[in-house]
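Ready to practise reading a protein model? Take a look at the structure below, and then work through the exercises at your own pace.

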Amino acid sequence: MTSSEENGNGNGNSLKLYYSCNSYYCERVFMALYEKRVPFKMQALSLLTEQQYEPWFLRLNPRAEVPVLTDGVKVIPDSNRIIEYLEDNFSNGDFGQLTPKEKGSEESRKIQKFRDIIEAIPIQSLTYGTALHQDLLDNPKPPFTSVMQKWLREVAKNHHTIIREHAERIPEFQDALLEKAADVEHGALRVNRTREEMDELLLEVDSALRNVEEELSFHTEEKSHWWLCGELFSIADIDLAVLLNLINMLGYERRFWTEGKRPFLQAYWERIQERDSFKRATSFSTKLVHLTLLRGTLKQRKALLASLTAAVGVAVISYIVYRRVQKS
């Protein structure tokens, strides 16, 4: 009996995805779900207003990270684990497939190779670092607007402090959050990169895309319908598609593939944008992003207004008591 049969009905109807708009890792999972044609429910969280630190969500993932997939009582965090879970449990019948049936085939080895190459790129550092170093900005696109960039800069500088504040507020999840805060400040999740470190990171991206261009260049005219590693649209294609979308959103496409730099990658990018799963997974509303930012600002101002109102109330009451004492 598979995990899905133990916890749900085995057809995907018990799946629920907790996600955030425009999250790179959530987009990976969305593409996998759409490619596999697995039915699911979803619930959005606003990272801008820090909903991921609410106790109900921390019970699903004490590290306060999206995406999280639930299948009945089973909880699966992390986009890699979620995609592998979907592939293990939903690859028969009408469900699509993202890995070759022959596990030891050359195509399988290529898929794993490119997954390793792409997943080694520190995505959060690329995103936050671009916002931090304004001289890197060339052709940014929504939702990577000036409003979003400002929010990213503030988070990049204070992310570890924010996490520690939530850890102190919620003792039940303190250990997991403090561990993450340390990782954000000094470890693999550090996003407050120097300009020199960003140059090195962009060289890593360039190296990864050079490998992709070389692989795509081997596709002959007879293989023009192939994707990155073969005829199968695979997990490696999901990784590459979402990476290219992020790079384009940040405005680095001229640096990495357009204007004749990497013609095979350019053709791949144009082709992938027409795929239905890509369109659905990467769609967004700039107004929604701005509205969420506004809600966060109003929430902060509401709290400040409540504090001021309470302070004025205390002052008024104190004055009334003082006047009565003076008259007595």
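What follows is a set of exercises, each with a worked solution.

This is a predicted model, in which local features need pLDDT of at least 70 and side-chain atom pairs count only at pLDDT 80 or more, while totals for chains, interfaces and linings use all residues. Residues are numbered from 1 along each chain as its sequence is written, and side-chain values use heavy atoms, with hydrogens and water left out.

**Exercise 1. Find out where the pLDDT of the model is under 50.**

Step 1: Begin with the term: pLDDT is the predictor's confidence in each residue, from 0 to 100. The mean for the protein is 87, and 83% of its residues reach 70 or more.

Step 2: Turn to the beginning of the numbering. Over residues 1-8 the pLDDT stays under 50, and the model has 17 contacts beyond four places in sequence for them. Contact here means heavy atoms within 4.5 Å.

Step 3: Now go to residues 296-328, where the pLDDT is below 50 as well. This stretch has two contacts in the model beyond near neighbours in sequence.

Step 4: Keep a reading rule in mind: where pLDDT is low, predicted coordinates should not be read in detail.

**Exercise 2. Work out the strand order of the open sheet and name its edge strands.**

Step 1: Helices (H or I, at least four residues) and strands (E, at least two) are DSSP runs, numbered from the N terminus. Two strands pair if DSSP finds at least two bridges between them.

Step 2: Read across the sheet. Its four strands have the order β2-β1-β3-β4, and the pairing is mixed. The edge strands, each pairing on one side only, are β2 (41-44) and β4 (74-77). From one strand to the next, the twist averages 20°.

Step 3: Zoom in on β3 (residues 68-71) and β4, which run antiparallel and are joined by four bridges. L69 stands opposite I76, and D71 has K74 as its bridge partner. The two strands form a hairpin with two residues between them, and G72 in the turn has a positive phi of about 65°.

Step 4: Add the helices that lie across the sheet. Helix α2 (residues 24-36) lies across β1 (15-19) and β2, at about 155° to β1. Helix α4 (residues 79-89) lies across β1, β3 and β4, at about 125° to β4.

**Exercise 3. Describe how α5 and α9 pack, and how α10 and α12 cross.**

Step 1: Axes are lines fitted to C-alpha atoms, for helices over the stretch in contact, and angles run from 0 to 180 degrees between N-to-C directions. Angles under 35 degrees count as roughly parallel, over 145 as roughly antiparallel, 65 to 115 as roughly perpendicular and the rest as oblique.

Step 2: Helix α5 (residues 106-119) packs against helix α9 (residues 195-217) at about 155°, with the axes 10 Å apart. The pair is therefore roughly antiparallel.

Step 3: List who meets whom. From α5 come K110, F114 and I117, and from α9 come A208, N211, V212 and E215. By class, this contact of α5 with α9 has four nonpolar, one polar and two charged residues. For these classes, Ala, Val, Leu, Ile, Met, Phe, Trp, Tyr, Cys and Pro count as nonpolar, Asp, Glu, Lys and Arg as charged, and the others, Gly among them, as polar.

Step 4: Go on to helix α10 (residues 235-250) and helix α12 (residues 263-272), whose axes come within 11 Å and cross at roughly 95°. That makes α10 roughly perpendicular to α12. Residues in the contact include L240 and L244 of α10 and Y268 and W269 of α12. The contact of α10 with α12 divides into seven nonpolar, two polar and one charged.

**Exercise 4. Locate the cis peptide bonds at P67 and P143, and the positive phi of A64.**

Step 1: A cis peptide bond joins V66 and P67, with omega about 5°. P67 sits in the loop between α3 (55-58) and β3.

Step 2: The peptide bond from P142 to P143 is also cis, with omega near 10°. Look for P143 in the loop between α6 (123-132) and α7 (146-169).

Step 3: A64 has a positive phi of about 60°, although it is not a glycine. A64 is found in the loop between α3 and β3.
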